[in-house]
Protein chains: 2
Amino acid sequence: MTRRPSVSLKTIAERAGVSTITASRALRGMPIVNEKTRRQITEIATSLGYVPNRIASSLRSQRSGLIALIVPTVAGSIFSETVEAISRRLVAAGYQTIIGESTYDIGQEQAVLESLVQRRPDAIIIAGTNHTPATRTILEALGIPVIEIWELTDTPVDSVVGFSNFHAAYDFTRALIEKGYRRFAMASGPVEQENRASLRADGHYKALAEAGIDPGAAIVIPHFLGILHSGQSLLAFVRDHPEIDCLFCTNELIAIGATVQCRRAGIDVPGDIAIVGFGDVEACSIIEPPLTTVHINGTEMGRNAAQLVLDRLGGRGAAGARIDVRYAFRWRGTA
Amino acid sequence: MTRRPSVSLKTIAERAGVSTITASRALRGMPIVNEKTRRQITEIATSLGYVPNRIASSLRSQRSGLIALIVPTVAGSIFSETVEAISRRLVAAGYQTIIGESTYDIGQEQAVLESLVQRRPDAIIIAGTNHTPATRTILEALGIPVIEIWELTDTPVDSVVGFSNFHAAYDFTRALIEKGYRRFAMASGPVEQENRASLRADGHYKALAEAGIDPGAAIVIPHFLGILHSGQSLLAFVRDHPEIDCLFCTNELIAIGATVQCRRAGIDVPGDIAIVGFGDVEACSIIEPPLTTVHINGTEMGRNAAQLVLDRLGGRGAAGARIDVRYAFRWRGTA
DNA sequence: TTGTAGGCGTTATCAA
DNA sequence: TTGATAACGCCTACAA
């Protein structure tokens, strides 16, 4: 670990006999620099192992090259497709994403935002459309592109890329009713703060109410419980409610856990009980039987969000964009 | 999007009738500041919506509060446990991780490193111990803590937290031989650059050679193919090699794909063929039958790596740490 | 307990 | 095509 006397533009400029600004221009590939000069400067920079200081650059240019991304969690694969898609595209354009986790809590979301904002990101991508008033104030005051994702709204802070969780659940439930299911129960993550789980629950219940069907029992599964542990709770729940013919889960991890544990306990899915999820991570397709669920295109959301950011930062496009990536039902083996 | 005339320490200091350095000290909670003064400054800062500029702070203090983390990919859940554990711990200590993806390529790893290093991270955590010479040079010249993870080595750049991929595969294969398997084949991701797949393959083959067992056929599955697609290739491979009694996979995703597709094709696992994986993502436990595999503790690696970083940055601990998180066999249903 | 002076490394701006 | 100057916002070092 050699503590190298760090080489800066000044060092290079001195050796090349030019001013620092010329060295800067040369290394940034600005065309106004004489080719011979540039070559010489580049060579010196290389031989000295020069590493540009993006911190200084950010401070002076007022552009950090950072994009803040806030999601509930990066664990568990639900959001990781989106995160991956966003990072890939932004990295290709020379940006670095900095990720914050709200842990499904808008208070924590605000704390995370306040922390990320100190690094002066050039844009923000944030999951969800329901935030604390303070969060909204901050987002609006920032004066940078803000893209909300994983939901739609008519009153975004700026732009939004997502789908209607409410309508997806509503439509899906209607389709299930049409299939003949009548005795529903719901399994969900914590329903609060107008989060995705609550919007999905609302859509589900609305469809049931319209059809005059009893909402049935409900069970709440804590976040981060793990698929098989969730499944154990759900198995107990299902056993306590033998009348259920369709267990509606507001996320796919819960549904996978329920399916696997019911099967292992000798309950026939979908024979004895149908189980459906919401969201379509890869694990949905590998269990037996594969899960019937609502497919959400996390990658497409990520790509669109990143593209919006790039457009805005490139001076193209305006605030107020609204992209609906829709959803699709995957009728597989569990219903 | 109000373009607020940004409020800096200077603004606050002026309103409070103190110098900027006093405002700085007050807001950083330095105890030497008079309590009354601090309260006043804090109030002004809050009312003005002051957001500290970490870029300026980083530049002046020479500490960015950034930890660079380089992994092959964050998709696919293999490394996400580790990433998650690292981020959680570092965030709690006030650091932000910036992630780079090497896409399983040491050339790309170098490119990513060169990019991240421009942001002057306070430490680096990097997966793997085999790097390009240039990468190693850069890491050594940086003069900051460097933690290599997901492998062990006697010649780390600095410190290392991992396990021996070679020995894990070697031991696992010996255990499989003891179980009675004799006709092996191997399925692996690209084997190159002394990566984890190649180290695991080496360990496997060494154990076979010592037992005088034929290495058998081998198939390479490209990265990022997807579990079920990989499984299709593997199903075809298995059908072409009916003599195999144990398919040794160098990662668990491949093994899951093989198991699922074989089962669906009516091949009995483990009756007709045993299938084993390496690594233990959650998906291993939800398939039928659940996968026999080598359990790797990604979370523990992450926690340890993060802790090493914090110790070093806190002035505790020294370079040269070596933490072996070991591995364990999980005998489940596929072998 | 508070303040002065200056610089971290880069780039915007204006001038030549 | 190149350069001089200054400034981005903060914090280190030293002084009072």
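This passage describes how two protein chains meet two DNA strands in a predicted model. Residues are numbered from 1 along each chain as its sequence is written, with chains lettered from A and ligands numbered from 1 in the order in which they are written. Local features need pLDDT of at least 70 and side-chain atom pairs count only at pLDDT 80 or more, while totals for chains, interfaces and linings use all residues; side-chain values use heavy atoms, leaving out hydrogens and water.

DNA strand C is surrounded by 25 residues (near means that a heavy atom of the residue lies within 4 Å). The closest are A:Leu9, A:Ser24, A:Tyr50, B:Arg25 and B:Arg60. Of the strand C atoms within 4 Å of the protein, 60% belong to sugar and phosphate. Polar contacts (here, pairs of N or O atoms within 3.5 Å) include one of 3.0 Å between a phosphate oxygen of strand C and the backbone of B:Ser19. The side chain of A:Arg60 reaches a sugar or linking oxygen of this strand at 3.3 Å.

Turning to DNA strand D, 25 residues surround it, the closest being A:Thr22, A:Arg25, B:Leu9, B:Ser24 and B:Tyr50. Here sugar or phosphate provides 61% of the strand's atoms within 4 Å of the protein, and bases the rest. Two base nitrogens feature in the contacts: one lies 2.5 Å from a side-chain N or O atom of A:Arg25, and one lies 3.3 Å from a backbone N or O atom of B:Ala56.

Helices H2 (20-27) and H4 (54-61) of chain A and of chain B (DSSP runs of H or I, at least four residues, numbered from the N terminus) each supply at least two residues of the surface near strand C.

Terms used
Polar contact = N/O pair within 3.5 Å; in protein donor to acceptor, adjacent residues only side chain to side chain.
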